[in-house]
Structure formats: C-alpha cells, structure tokens
Amino acid sequence: MMKTDKKALILLTSHTELGTTGRETGFYYDEMAAPYWALIDAGFDVDIVSVKGGEAPADPKTIVEPNQRPPMVARFMEDGEAMEKLRTTSKAEDIDGKSYQCVFLPGGHGTMWDFDTDTIGKIVSDAWAAGAVVGAVCHGPSGLLRAKRPNGEPLVKDLKVNSFTDAETVQIELVGIEPFLLESRLRELGAKFECSANFTSHAVRDGRLVTGQNPQSTAAISKLLIEAISENT
C-alpha cells in the first residue's frame, strides 16, 4: 500500500479477562474494522497499536463464521496487510500522539481495565493538543477519561459525548464486574452525555471529538469520523 503523510492511529485493548466471570474478552472486531477501512479509504496510513504490544486480542464472540461477518470485518480478515498489523502491534507507551491527525479507540470490554491509564490519556491528550480528530466507540471512551486539554481541564468537559451506557451495562449484567460505569465517569468529568435506547445506534460529533454508544453505532461513527477529518483539514 502506498504511504501517505496522512497518519491515523487505532488503539486497542490488550486485556483478555472479563473480570471474575471466567469469560474471555478483548476488542470488538467491527468497532476496529469499520473505522479502519473508513480511514484507509480516506487516504490515511493507519497504525494499529495495543496497550501491551504484540498480537491484539479480539473478543472471541466477535470472531464469527465467514458468512456471518459484517462486511468490514470480512474485508479486514481477508486482507493480509491488515491482519499483519493486528498481529504485530506496537506498544502504547512507545507511541507519540502528536504524530497523528486522527486517533480512534474501539471498544470491547477489555478497555475498561486498561484504557483508564496515564499512558492512554497522554496519547489522546497529545493528539488533541496537536489538532487531531479523536474518536471512540462503545467502551472505547474509557480511553478519554484521563485525557486533558492543554489548560489541564478534562478533554470531555462541556462536550457532547456518548459511550456504552449504564443502562446497557445493567441489561447485560456486568454492573460490579466491570471496574466502573463508563457513562457515570464521563458525566462526572463534565461531559454532556447523550444516548439512545439500549443497543440502538447513536453517534455524536462535537467539533474534533466523535463518540459512539455501542456496537450498533460503528457505521454512524465511521461516517462522522471522516466528516470531522474533512472539516479539520
């Protein structure tokens, strides 16, 4: 693939255990693949990075039979270069957020354990300070919790934001299993949280920040991400 000076970063969880349930988790495939191809098709060189580096773990339930895969997941899994990126991710702590015009954080329950860190916060903060578009979907906005504006205020303060909701967490019976409630944390930071009914598509853009509610929101957030990038160049 031809290299370009337009660079985007997709940042994935490395966490594989769903609390004490004995179930495996990781990133959600479609939440990674749909924005990946939206960015590639928009002419970006896309780096895929994970918290620990190496092969990024997908949530097993998002790796489905070929005839059941969402189109962008099928396209990703059939693309040798894309799959090699997923197998050989760099480590988050080695990444300079200022190098990217876009940073995107897909969800997956694993993010609830390893995105709420200073390392992830610094990548997002540096990218934001450099004028990048920042996007996140589902549980991915947990990576926004420690992100700051250059003046030290929370990145999400007074901005329209959404994420996987507290009500959705109740519905899937993960309250007390995940380490915190993401919607509640975002509200505590001053975000103008908005959402739709459980497991329906909802994505919102507030300037350079684009967020989506759940796996059903991947197409909507991918569209808003490219819209934000187009208006930011």
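## Exercises on side-chain contacts and burial

Asp96 is partly exposed, at a relative accessible area of 34%. Keep in mind as you work that this is a predicted model.

**Exercise 1. Find where Asp96 sits, and identify the backbone nitrogen that a polar atom of its side chain lies 3.0 Å from.**

Solution.
- Start with the location: Asp96 belongs to the loop that runs between β3 (90–91) and β4 (102–105).
- Next, look for the backbone partner: a polar atom of the Asp96 side chain is 3.0 Å from the backbone nitrogen of Lys98. The cut-off for a polar contact is 3.5 Å.
- For a long-range view, take Gly176, which is 80 residues from Asp96 along the chain; their C-alpha atoms are 34 Å apart.

**Exercise 2. Decide whether Trp128 is buried or exposed, and list the residues it touches, leaving out those up to four places away in sequence.**

Solution.
- Place the residue: helix α5, residues 118–129, contains Trp128.
- Check its accessibility: Trp128 counts as buried because its relative accessibility is 11%, and the limit for buried is under 20%.
- Collect the neighbours: with residues up to four places away set aside, Trp128 touches Val134, Arg149, Leu155, Leu159, Arg208 and Leu209.
- Compare with a residue elsewhere in the chain: Thr16 lies 112 residues from Trp128 in sequence, and 28 Å separates their C-alpha atoms.

**Exercise 3. Work out how many disulfides the structure has, and check Cys102 and Cys195 individually.**

Solution.
- Search the whole structure: the count of disulfides is zero.
- Test Cys102: its nearest cysteine sulfur belongs to Cys138 and is 18 Å away, leaving Cys102 in no disulfide. For scale, the cut-off is 2.5 Å between sulfur atoms.
- Test Cys195: here too Cys138 supplies the nearest cysteine sulfur, at 13 Å, and Cys195 is in no disulfide.
- Add the accessibilities: Cys102 has a relative accessible area of 0%, so it is buried, while Cys195 reaches 37% and therefore counts as partly exposed.

**Exercise 4. Count the salt bridges, then describe the pairs Glu93–Lys91, Asp116–Arg146 and Arg205–Glu227.**

Solution.
- Begin with the total: the structure holds 16 salt bridges.
- Take Glu93 and Lys91: in this salt bridge the closest N and O atoms are 4.0 Å apart. Glu93 is exposed, given its relative accessible area of 55%, whereas Lys91, at 34%, is partly exposed.
- Move to Asp116 and Arg146: their side chains form a salt bridge with an N to O distance of 3.0 Å. This pair links distant parts of the chain, 30 residues apart, with Asp116 in the loop between α4 (111–114) and α5, and Arg146 in the loop between β5 (133–137) and β6 (160–161). Asp116 is buried at 13% relative accessibility, but Arg146 is partly exposed at 36%.
- Finish with Arg205 and Glu227: the closest N and O atoms of this salt bridge are 2.9 Å apart. It also joins distant parts of the chain, from Arg205 in strand β8 (residues 203–206) to Glu227 in helix α8 (residues 218–232), 22 residues apart. Glu227 is partly exposed, with a relative accessible area of 34%.

**Exercise 5. Identify which residues are linked with Asp116 in a network of salt bridges.**

Solution.
- Return to the bridge you already know, Asp116 with Arg146.
- Extend from there: the network links Asp116, Asp118, Arg146 and Arg185.

Definitions and conventions. Residues are numbered from 1 along each chain as its sequence is written. This is a predicted model: local features need pLDDT of at least 70, side-chain atom pairs count only at pLDDT 80 or more; totals for chains, interfaces and linings use all residues. Side-chain values use heavy atoms; hydrogens and water are left out. Helices (H or I, at least four residues) and strands (E, at least two) are DSSP runs, numbered from the N terminus. Buried means under 20% relative accessible area, exposed over 50%, partly exposed in between (1.4 Å probe, protein chains only). Contact means heavy atoms within 4.5 Å. A polar contact is a pair of N or O atoms within 3.5 Å; within protein, one must be able to donate a hydrogen and the other to accept it, and residues adjacent in sequence count only if both atoms are side-chain atoms.
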